[in-house]
Amino acid sequence: MHWIAPSEKDTANGALETRLWAAADELRANSGLTSAQYSTPVLGLIFLRFAEVRFAARRAALEKAGASSRRSSSRVDDPAAYHAEGVLYLTPNARFDTLLQLPERENIGKKLNEAMRDIEKHNPQLAGVLPKTYQLFNSILLKQLLKKVSEIPASLDYDAFG
């Protein structure tokens, strides 16, 4: 029998799993909600984190193309320029990093619900799909959850969530 060292991918996936279980434990202990009530909003935050990763990469490519182009108009704020590459368009108020920077005194649940509505508005294929029940959580708990989700490595493969 030979011992095989875990790959970096396996280690990253294990760390992710540990973080997500810790977040679930925190929610069970501090929210008074059942897993059925908090699972969809948590998955919504994870979705938003990775939507922003893809958005930021596409935005950087559009900015680079705009800087090297002689055209005066940039497509950096054109939702169609993102949709053409299968990327969701995110307005500033619907970006994970913007939401992460909100102070606890803000009504973070309301801001998250507004962000999800904004994403659906600019990405019609998601109409009626995203969670909008963040008011179930208090702002302190949401802030902690946003911080936990922000620790998920942006370079993680999408198949890690299977």
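Leaving aside neighbours within four places in sequence, which residues is Arg 75 in contact with? They are Leu 62, Ala 80, Ala 81 and Tyr 82. The model described here is predicted.

## Overall fold

The protein chain has six helices and zero strands. Along the sequence the pattern reads α-α-α-α-α-α. Of the 162 residues in the protein chain, 36% are buried.

Contacts between residues at least 6 apart in sequence were also examined for the protein chain, and 71% of them join residues at least 24 apart.

## Arg 75 and the loop after helix 2

Arg 75 is located in the loop between helix 2 and helix 3. Its relative accessible area is 35%, so Arg 75 is partly exposed. The C-alpha atoms of Arg 75 and Arg 59 are 9.0 Å from each other, with the two residues 16 apart along the chain.

The contact between Arg 75 and Tyr 82 leads to the core. Not counting residues up to four places away in sequence, Tyr 82 touches Phe 55, Arg 58, Arg 59, Leu 62, Arg 75, Val 76, Val 87, Leu 88 and Tyr 89. Leu 62 is thus among the contacts of Tyr 82, and Leu 62 is also among those of Arg 75.

## The largest nonpolar core

The largest nonpolar core has 40 residues, and Tyr 82, Ile 119 and Phe 137 are the ones that touch the most other members. At least two residues of this core come from each of helix 1 (8-31), helix 2 (35-68), helix 3 (79-83), helix 4 (96-100), helix 5 and helix 6. Helix 2 supplies the largest share, nine residues.

In soluble globular proteins, nonpolar side chains tend to be buried together.

## Helix 5 against helix 6

Helix 5 spans residues 108-122 and helix 6 spans residues 139-150; their axes come within 8 Å and cross at roughly 55°. Helix 5 is therefore oblique to helix 6. On the helix 5 side, the residues that meet helix 6 are Ile 108, Gly 109 and Leu 112. Their partners in helix 6 are Ser 139, Leu 142, Lys 143 and Leu 146. By class, this contact has four nonpolar, two polar and one charged residues.

Is Ser 139, a residue of helix 6, buried or exposed? Ser 139 is buried, because its relative accessible area of 15% falls under the 20% limit. Apart from neighbours within four places in sequence, Ser 139 is in contact with Glu 104, Glu 106, Asn 107 and Ile 108. Of these, Ile 108 belongs to the helix 5 side of the contact between the two helices.

## Lys 132 in the connecting loop

Lys 132 sits in the loop between helix 5 and helix 6. With a relative accessible area of 23%, Lys 132 is partly exposed. Although Lys 132 and Leu 112 are 20 residues apart along the chain, their C-alpha atoms are separated by 7.4 Å. Leu 112 is also one of the helix 5 residues that meet helix 6.

Setting aside neighbours within four places in sequence, the contacts of Lys 132 are Asn 113, Met 116, Arg 117 and Glu 120. With Glu 120, the contact includes a polar one between the two side chains, at 3.0 Å. A polar atom of the Lys 132 side chain also lies 2.6 Å from the backbone oxygen of Leu 130.

Methods. Residues are numbered from 1 along each chain as its sequence is written. This is a predicted model: local features need pLDDT of at least 70, side-chain atom pairs count only at pLDDT 80 or more; totals for chains, interfaces and linings use all residues. Side-chain values use heavy atoms; hydrogens and water are left out. Axes are lines fitted to C-alpha atoms, for helices over the stretch in contact, and angles run from 0 to 180 degrees between N-to-C directions. Helices (H or I, at least four residues) and strands (E, at least two) are DSSP runs, numbered from the N terminus. Angles under 35 degrees count as roughly parallel, over 145 as roughly antiparallel, 65 to 115 as roughly perpendicular and the rest as oblique. Contact means heavy atoms within 4.5 Å. Ala, Val, Leu, Ile, Met, Phe, Trp, Tyr, Cys and Pro count as nonpolar, Asp, Glu, Lys and Arg as charged, and the others, Gly among them, as polar. Buried means under 20% relative accessible area, exposed over 50%, partly exposed in between (1.4 Å probe, protein chains only). A polar contact is a pair of N or O atoms within 3.5 Å; within protein, one must be able to donate a hydrogen and the other to accept it, and residues adjacent in sequence count only if both atoms are side-chain atoms. A nonpolar core is a set of buried Ala, Val, Leu, Ile, Met, Phe, Trp, Tyr and Cys residues joined through side-chain atoms within 4.5 Å.
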